[in-house]
Each structure stands twice: as structure tokens, then as C-alpha cells.
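Student: I am new to this structure and would love a close look at one part of it. Could you start with how strands pair, and then lead me outwards from there?

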2 protein chains.
Amino acid sequence: MMTVRQDVHSAGIPVLCQSCEARHRGVCGALDSDQLVGLAKTSSRHKIEPGVELIGDAETVDSYSNVLSGVVKLTKSLSDGRQQIVGLQFAPDFLGRPFKAESAINAEAATNVSLCSFPKTAIERMMKESPELEHRLLRQTLNELDEAREWMVTLGRKTASEKVASFLLMIARNIDPTADPAARSATFDLPLTRADIADFLGLTIETVSRQLTRLRTEGVIRIDNNRHVTVDSLARLEQRSGA
Amino acid sequence: MMTVRQDVHSAGIPVLCQSCEARHRGVCGALDSDQLVGLAKTSSRHKIEPGVELIGDAETVDSYSNVLSGVVKLTKSLSDGRQQIVGLQFAPDFLGRPFKAESAINAEAATNVSLCSFPKTAIERMMKESPELEHRLLRQTLNELDEAREWMVTLGRKTASEKVASFLLMIARNIDPTADPAARSATFDLPLTRADIADFLGLTIETVSRQLTRLRTEGVIRIDNNRHVTVDSLARLEQRSGA
DNA sequence: CCGATGCCTTGATTTCGGTCAAAGCCCCCA
DNA sequence: TGGGGGCTTTGACCGAAATCAAGGCATCGG
């Protein structure tokens, strides 16, 4: 039987936060136990089903969240309905756009998601008094910017098959349980439907499907149940990704 | 004859900084006069010709810069030479990637550019002691992230003609001298060659040229000398941009 | 004045990915 | 057990943008 994770500094830390990944690797790591206590009072945990929008809960209006598990997609749409996924958030990412009343971005659960949410005011007050919190946010934002720019290259300059390979590679690196970055192989469940993948890569469903089939028939990947993917050689997949 | 701009707080501010836009609207606005004096000692101004890379001067290795005038393009390349412009920096943007030894991004002058550069160490020291500086950086980074995501939509989901219209609109909003955001018309010099525009939009030179021709023959824009553009109705251009 | 060079435009043809259409598969539930 | 709905695959065809190929138009230096 497992006990709750203990560490030297857990004295006074809210029970909810003690084993929370956001405290270890996310923005809450910037806070001391007093601040955590204060924040925990106003925080609430939610579970969200795939397809549910996180309005009023995340990207917009009045609250911020940490992603505790699952995958959240950030999307933008054109007036005629064309849609583009502009980011994927994994645990323990921070969700929300500081310093702006409303962003033109929608957030939606791609899988089952669990969140830890806070009122905007609580975070913003805390940001004023804790430079370390802003520092963490800056780091996360810079990383997201790097990722966004990486995807601009993929969207603008890669072929359909390179796009799909790049996507699989990114997912493998983000959610393969064997978290070793130097792993030679990977296996994981796709957190997105074909339609989502298409919206992420600027393609159609059909093209995504055809390229997956091609990677499959050429032995680069295996797919079971439409969602479960095995990559025997990440290096081989990387070669297909255009790099 | 004009005098150097004076304001109430200019006492003790380095001469170089007094009329500097980066101090008014850029990150240097976060600094007090003592800090400016300290930073100014290690800063240097450069002028850079179009096409010159800013290695060792901006995005990489050992220094940060403010863009004082002109346009800097940030590019990423695939191993086979395909290139994508992932960002354009205008005055008074801050140039450089904090907290990372080297970024996979290249910076290159698109036009004549003037910069004010600092050693990385000086900025990083100042960031530690001035939360306000980090705050400004966070804000700029969040804005760049918003812009990058906006372009992801353009790259992934817009047609060639919508892309070109979107590009013209973005340039008009950034560098038209009549800085009124509610302006109905605009006139400006394109800071990029056709090749650069193509690399920005994920198109070929020929397609960019054809779409510009189309916008011209349809009366949406006028072009003189290949570079000088007049837009009589920004609203009309916006309709072409897919929104 | 002339030719060279670097951009840019225009035209003809090809191709990759989109569109339209039909089936297949899987899971749920009656 | 069987039917329905959602997601995915596959095939046939089409079209927007890429590619290939010429040619135009400035600017620069001889």
C-alpha cells in the first residue's frame, strides 16, 4: 500500500497540493506553504469530459487552471467555421491568458481532463507579491512560444505525411509513459480524434487517415483500435517528419 | 530646431536613452534611472543592413537587443533548406530568448535595422533584481504568443489569397505612419521581399506575386515600385483576409 | 550606352491534398 | 441479435498552389 508522497517541505502544505504535480513541476512550485494555503482555499478541482468547452473555467473571463491530467486543446476559428488547433496543453501546464480580459482562444477537453482552477483575482494578487510565480509563467510562456513557432514551420512548410509524422512524434514525446527522452520506441493512446489531428495539422480528416495508413503499411507505426499507437523506431519516425 | 524630448523623470537618465522608444514603450520602461545608467554602460547601438544575420547579436549566444527601427525576421529552417518566418519584430520589440543557451531560431534584418544591444549577463542580472522587467518581458512574450497563434490559423486554414491579404493587413497595422488603429486607409513600404513574404505565408514566390497582382487588378490595393503599397479601404482588405 | 544581376511577373503544366461519395468498424443499447 | 450512430477508411475525381520556364524591369558598374 502506498503512502502519500512526503518531502522535507511538506509541512503546512494543503493536503490537496501535497501530491499534486502542478506543485512539483508546474507553476505552484513557485509558492510557499502560506501562499498555497491561501490559494487552496479558493481552488476547486474538476473532471471534464472530452468535447466540453472550458469557458469561464480556463482561457476566458474569470479563472485560471492547472491541467492535472488529460489533454486540453486550444483552438481558434474563422468566421466561416474553419478551425485550427493552436496548442495542446498537458499536465502540469497552466491554462489561461494573464493580463487580458478575454482571449480569442477557445479551450476544450480533448480527453478526460482533470483541472485545478482558481479565480483570476487570486492568481493576479499572488503574482503581484510573488515574482517567482511570474518567473515560472514567463518560462512556460516562452516554451509555448517555442512550440508555437515549431508548429508554424510544420504548418507552413511540411508535406502532409511529414505533418502527421511530426504530430505522432510530438505526442510520443509528451505522453508516452516511458518518459525517457532518449527512448528508441514508444507506445501511447492518441489523445485526439482524426478530426482534431486534422485541425491541428491544417489538413482534412481523409488526408490524416491516408497518411496514417501509409505509415502503417510501411511499418513505421502500428495502430490498434484506432487510437493505440506503437512506434518501434522513433528515429525512423523522425526521418519521416522532415526535421 | 528641436530639443531632446524632456519629461519629468528624465533626471539622471543616460542621454542615449532619453529619446529612446524602448524606454517609452519597450522593456527599458521597467527600469529606473540608476538601472538605466548601469545598463547603458554596457549597451551598444548598431545599424544593420538587410539580409545580415544577427548571430551573436540577438537571438543567440550572448546578447539581447531592442529593435529601435526597421524590421527583423525570425526564421526557422528544415534540414533540406525549406524555410519559415516565424515572427517579425518591429520597434520597440525586445530580441532574444531568455533562459536558454541557444534557440533554434535565426534572426535577420529584413530592412535597415538599428539595434540597442546588451550582454546577456547584464540583462539577466537586472531581471533578478527587477520584477518589473520580467513583468514587461512576460507581457511581450504573451503578445508574441498570441501573434504566433494567429499566424498558425493563417498558415493552417487560409487560402493563398487570404494569406496575402492577412499579411498586408498586419503590415499596415504595424508600420503605417498614420498610427491610428481606426484608420480607414493606409500606405506603407513593404519591409519584405516577395521571397520573404512567401516564407512567412508558407507559399511560393510565384503564388505571392499572383495574389498581389490579383488584389491590384481588383482595386483592393495599389503598388508602386514593387514595394510601396496603398490600401484605400482597410475594411475591404480585411474582407479578403478570411478573418 | 550596354550588359549583368537581382527581383518580380506571367504563362503552361503538374501534383498534392481537398472534395465528394460510399463502406467498414465498433460500441452501445434496445 | 440486430440496428443505429459516430468515427474511420478507402476510392474516384477535382482544383488550388507548386513547379518549370520565359521574360520584364529596375539598378549598378563598366
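Tutor: Happily! Two strands are said to pair if DSSP finds at least two bridges between them. Strands (E, at least two residues) and helices (H or I, at least four) are DSSP runs, numbered from the N terminus. What you see is a predicted model, in which local features need pLDDT of at least 70 and side-chain atom pairs count only at pLDDT 80 or more, while totals for chains, interfaces and linings use all residues. Residues are numbered from 1 along each chain as its sequence is written, and chains are lettered from A and ligands numbered from 1 in the order in which they are written.

Let us begin in chain A. Strand E2 (residues 63–69) and strand E7 (residues 113–119) of chain A are joined by 6 bridges and run antiparallel. One place to find this pairing is A:Val67, whose bridge partner in E7(A) is A:Leu115. Both strands belong to an open sheet of 4 strands in chain A, with the order E1-E7-E2-E5 and antiparallel pairing. At its edges stand strand E1 (44–48) and strand E5 (94–95) of chain A; each has a single partner strand, so one side of each has no neighbour in the sheet.

Now move to strand E3 (residues 72–77) of chain B. Of its 6 residues, 5 are buried, so this strand is mostly covered; buried means that 20 or more other C-beta atoms, placed from the backbone, lie within 10 Å of a residue's own, while 12 or fewer make it exposed and values in between partly exposed. E3(B) is bonded into the fold through two pairings, which we can take in turn. With strand E4 (residues 83–89) of chain B, E3(B) shares 6 bridges in the antiparallel sense. In that pairing, B:Val72 has B:Gln89 in E4(B) as its bridge partner. E3(B) and E4(B) form a hairpin with 5 residues between them, and B:Gly81 in the turn has a positive phi of about 105 degrees. With strand E6 (residues 106–109) of chain B, E3(B) has 4 bridges, again antiparallel. There, B:Lys73 stands opposite B:Glu108 in E6(B).

Stay with B:Val72 for a moment. Apart from neighbours within four places in sequence, B:Val72 is in contact with several residues, among them B:Leu54, B:Val67, B:Gln89, B:Glu108 and B:Val113; contact here means C-beta atoms, placed from the backbone, within 7 Å of each other.

Next comes a helix. In helix H7 (residues 194–201) of chain A, 6 of the 8 residues are buried, so the helix is largely enclosed by the rest of the structure. The buried ones are A:Asp196, A:Ile197, A:Ala198, A:Asp199, A:Phe200 and A:Leu201. They pack against strand E3 (71–77), strand E4 (83–90), helix H6 (160–175) and helix H8 (205–217) of chain A. Just after H7(A) comes A:Gly202, which has a positive phi near 70 degrees.

H7(A) also takes us to the DNA. Around DNA strand D there are 16 residues, and A:Arg194, A:Ser209, A:Thr213, B:Thr159 and B:Thr207 come nearest; a residue counts as near a strand if its C-beta atom, placed from the backbone, lies within 6 Å of it. H7 and H8 of chain A and helix H8 (205–217) of chain B each give two or more residues to this surface, and H8(A) gives the most, 6 residues. By class, the surface near DNA strand D has 5 nonpolar, 7 polar and 4 charged residues (Ala, Val, Leu, Ile, Met, Phe, Trp, Tyr, Cys and Pro count as nonpolar, Asp, Glu, Lys and Arg as charged, and the others, Gly among them, as polar).

Turning to DNA strand C, 17 residues lie around it, with A:Thr159, A:Thr207, B:Arg194, B:Ser209 and B:Thr213 coming nearest. Here H8 of chain A, helix H7 (194–201) of chain B and H8 of chain B each give two or more residues. H8(B) supplies the largest share, 6 residues.

Finally, where do the protein chains meet? In chain A, 32 residues are in contact with 32 residues of chain B. E4 and helix H5 (131–157) of chain A each supply at least two residues of the side of chain A that touches chain B, and H5(A) gives the largest share, 18 residues. That side of chain A divides into 16 nonpolar, 8 polar and 8 charged residues.

Conventions: Two residues are in contact if their C-beta atoms, placed from the backbone, lie within 7 Å.
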